[in-house]
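Please open the model in your viewer and keep the sequence beside it, since this tour moves from one selection to the next. At each stop, select the residues named and compare what you see with the description.

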Amino acid sequence: HPISLVKNQIIDIFSNIGFNVSEGPEIEDDWHNFTALNLPEYHPARDMQDTFWTVGGLLLRTQTSAIQVRALEQLKPPIRIVAPGRCFRYERLDATHEHTFYQMEGMMIDKHVTVGHLIYFMKTLLREIFGFEPKIRLRPGYFPFVEPGFELDIWFKNRWLELLPCGLVHPKVLEYGGI
């Protein structure tokens, strides 16, 4: 299946540069999916329109970032992981929105990690996926679990294409994860 092929390709790319795969449950608790990711109670992602809640107060994972929190709780630095997985959001279905999607996140925790490392790993990933040296740009982006946060764009077919969010792990997330 195309999703499995791309997932495995990305895992191979990161495995070859020292990352391990971490996995986590698709049925999550509020702590791992929101609170420990620095998403306060008033954040829109907690609204019923975005999250599938169970009768027992659990939820279907809305992002693979919950896997990062679990990795922080279980591992000690240095940490290099990729976290692939299926995610769920209560969306109105249309040509660009679906209630189920797949995500892959990476996390590196070590001394002296900088935005330069982030750029290196993102360019490595994109070069391997697309088969050419990508021209990228970072624009400021807000995500509660990273600081600083960026939107990464790639120059493709004579225009900038918004590709993915990224950033350095927020100190509050590290604290919640026990680091």
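Begin with Cys166, which is buried, having a relative accessible area of 9%; bear in mind throughout that this is a predicted model. The cysteine sulfur closest to that of Cys166 belongs to Cys87 and is 17 Å away, which is too far for a bond. If you now select Cys87, you will find a residue that also counts as buried, at 0% relative accessibility. Seen from this end, the closest cysteine sulfur is the one in Cys166, and a bond is ruled out because the two sulfurs lie 17 Å apart. How many disulfides does the structure hold? The number is zero.

**The sheet with S4**

Next, select strand S4, residues 79-88, and colour it together with S1 and S5, for these three strands form an open sheet in the order S1-S4-S5, with mixed pairing. At the edges stand S1 (20-21) and S5 (100-109), each with a single partner strand, so one side of each has no neighbour in the sheet. Look at the two pairings in turn: S1 and S4 run in the parallel sense and are joined over two bridges, while S4 and S5 pair in the antiparallel sense over ten bridges. To find the first of these pairings in the viewer, select Asn20 and its bridge partner in S4, Ile81; for the other, select Arg80 together with Met108, its bridge partner in S5. Is S4 enclosed or open to the outside? Eight of its ten residues are buried, so S4 is largely enclosed by the rest of the structure.

**Helix H3 and the loop after it**

Now move to helix H3, residues 65-74, which is mostly covered, with seven of its ten residues buried. Select Ser65, Ala66, Ile67, Gln68, Val69, Ala71 and Leu72 to show the buried residues of H3. If you then display the surroundings of these residues, you will see that what covers them includes strand S2 (27-28), H2, S4, S5 and H5.

From H3, go on to Lys76, which is found in the loop between H3 and S4. Lys76 is exposed, with a relative accessible area of 58%. Adding Asp110 to the selection lets you compare two positions that are 34 residues apart along the chain, and whose C-alpha atoms are separated by 9.6 Å.

**Aromatic rings**

For the next stop, show the side chains of the aromatic residues, among which the structure holds nine aromatic pairs. Select Trp31 and Tyr176, whose ring centres are 5.2 Å apart and whose planes stand at 70°, so the pair is edge-to-face. This pair links distant parts of the chain, with Trp31 in helix H2 (residues 30-33) and Tyr176 in helix H5 (residues 171-176), 145 residues apart. Trp31 is partly exposed at a relative accessible area of 33%, and Tyr176 also counts as partly exposed, at 27%.

Then select Phe34 and Trp53, which form a tilted aromatic pair with 6.2 Å from centre to centre and 35° between the planes. Both residues lie in the loop between H2 and strand S3 (59-60), so the pair ties together parts that are 19 residues apart in sequence. Which of these two rings belongs to a buried residue? Phe34 counts as buried, at 0% relative accessibility, whereas Trp53 is partly exposed, at 29%.

Two further selections complete this stop. One is the cluster into which ring pairs link Phe14, Phe19, Tyr120 and Phe121; the other is Trp155, where the charged end of Lys135 sits over the ring, 5.6 Å from its centre.

**His170**

Finally, select His170, which lies in the loop between strand S8 (159-169) and H5. A polar atom of the His170 side chain lies 2.9 Å from the backbone nitrogen of Lys172. To view the contacts of His170 with parts further along the sequence, show Asn38, Pro144, Phe145, Val146 and Glu147, the residues that His170 touches when those up to four places away in sequence are not counted.

Notes:
Residues numbered from 1 in each chain as written. Predicted model: local features only at pLDDT ≥ 70, side-chain atom pairs only at ≥ 80, totals over all residues. Heavy atoms only, no water. Phe/Tyr/Trp six-rings, centres within 6.5 Å; stacked < 30°, edge-to-face > 60°. Helix = DSSP H or I, 4+ residues; strand = E, 2+ residues; numbered from the N terminus. Buried < 20%, exposed > 50% of the residue type's maximum accessible area, 1.4 Å probe, protein only. Lys NZ or Arg CZ within 6 Å of the ring centre and 35° of its normal. Polar contact = N/O pair within 3.5 Å; in protein donor to acceptor, adjacent residues only side chain to side chain. Contact = heavy atoms within 4.5 Å. Disulfide = S-S within 2.5 Å. Pairing = 2+ DSSP bridges.
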